[in-house]
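User: I am new to this structure and would like a close look at a single part of it, the salt bridges. Please take me through them slowly, explaining each term as it comes up.

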Amino acid sequence: MALFDLPLDELRAYRSESAEPEDFDTFWEKTLQEAREHDLDARFEPVETGLTTVEVYDVTFAGFGGHPVKGWLRLPAGATEPLPLVVEFLGYGGGRGLPHESLLWASTGRAHFLMDTRGQGSTWGGGGDTADPVGSAPAYPGYMTRGIDAPENYYYRRVITDGVRAVEAARSHPLTDATRTVVLGDSQGGGLSIAVGGLVPDLVAVAPNVPFLCDFPRAVTLTDRHPYREIGLFLKTHRERAAEVWRTLSYFDGVHFAARGRAPALFSAALEDQTCPPSTVFAAFNAWGHEDKTIDVYDFNDHEGGGPFHEAARVRWLRSYA
């Protein structure tokens with residue numbers, strides 16, 4: 001697919017028309033307050049992996065509604081002092097995988113906490129282990145329209161809350177340094193890192209890679225690729241429900257979380273990306289609230305973005321922060 005979105009000079013100036021709800025902050029304050037009424041109950045169980053350079057812990061903590069959420073904590077072997085902490089969120093459909101996977105960040109000398117995504121984990125990778133015990137009204141297959149009838153019921157209310165609680169759980173381990181916490185992720189994980197970056201005030205860096213869940217009004221009407229297309233197909237059947245769908249999505253738009261970002265950020269966008277169109281990524285980047293922000297642009301790439309080149313870029317960039 002050749003270039004299909006705005007020219008790069010227009011992307012750098014693009015601003016989303018997504019309307020922010022007047023009670024956006026109140027909604028999220030109440031959501032997180034309710035979650036914190038449940039004991040975090042973070043448990044770290046050592047796992048025998050056969051690895052000699054990385055130690056792995058099977059993690060369970062209480063997320064939204066007190067529901068158990070799984071994760072992995074990976075530490076450089078033999079660590080005795082608190083380490084800079086990287087909290088990572090996963091792409092759409094994937095799960096936390098197996099304990100010996102995802103060794104990059106622990107190999108850089110940091111603690112690495114990988115959050116499982118509730119209800120997902122059966123599309124790619126090594127699988128997931130976290131249920132989503134909350135039902136929903138009729139929805140199109142996938143996760144994008146689960147509970148879309150109201151913000152209080154929406155699937156991503158639960159997942160974003162899990163993300164904030166994942167940071168709290170990771171910080172509770174004695175070998176993580178809460179004052180040097182980074183959040184990052186690819187695609188859906190990038191979108192979640194933007195949301196968590198807007199809700200957790202004391203992060204030192206945020207690194208969303210080709211992020212999903214941004215600028216819903218443009219994304220849903222620009223690309224016909226899934227997962228955004230799930231929303232359009234839902235509305236193709238439920239023709240009379242557009243207003244309530246847009247209202248619900250406005251509480252979860254990465255653009256509004258980005259405006260509350262209070263840490264340095266490294267974004268990335270791919271100009272041929274039809275899954276997360278570049279204008280939707282730039283919408284969040286241009287809204288990001290901290291002045292120390294950079295976006296790496298991959299001119300001829302689709303949703304794979306910079307791939308291993310961007311991994312290397314993130315490793316270099318994070319040396320200045322954690």
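Analyst: A good place to begin is the salt bridge in which the side chains of Asp129 and Arg96 meet, with 3.0 Å from N to O; the term stands for a side-chain nitrogen of Lys or Arg within 4 Å of a carboxyl oxygen of Asp or Glu. This is a predicted model, in which local features need pLDDT of at least 70 and side-chain atom pairs count only at pLDDT 80 or more, while totals for chains, interfaces and linings use all residues. Residues are numbered from 1 along each chain as its sequence is written, and side-chain values use heavy atoms, with hydrogens and water left out.

The pair Asp129 and Arg96 links distant parts of the chain, 33 residues apart: Asp129 sits in the loop between strand E5 (111-115) and helix H4 (155-171), and Arg96 in the loop between E4 and H3. Helices (H or I, at least four residues) and strands (E, at least two) are DSSP runs, numbered from the N terminus. Arg96 is buried, with a relative accessible area of 5%, whereas Asp129, at 47%, counts as partly exposed. Here buried means under 20% relative accessible area, exposed means over 50%, and partly exposed is what falls in between, using a 1.4 Å probe and protein chains only.

Arg96 also forms a salt bridge with Asp58, and in this pair the closest N and O atoms are 2.9 Å apart. Because Asp58 belongs to strand E2 (residues 54-62) and Arg96 to the loop between strand E4 (83-89) and helix H3 (104-107), this pair ties together parts that are 38 residues apart in sequence. Taken as a group, Asp58, Lys70, Arg96 and Asp129 are linked in a network of salt bridges.

Elsewhere in the chain, a further salt bridge brings together the side chains of Arg314 and Asp186, with an N to O distance of 3.0 Å. Arg314 lies in helix H11 (residues 307-318) and Asp186 in strand E6 (residues 176-186), so this pair ties together parts that are 128 residues apart in sequence. Of these two residues, Arg314 is buried, with a relative accessible area of 4%, while Asp186 is partly exposed, its relative accessible area being 30%.

The pairs described here are among the 19 salt bridges that the rule gives.
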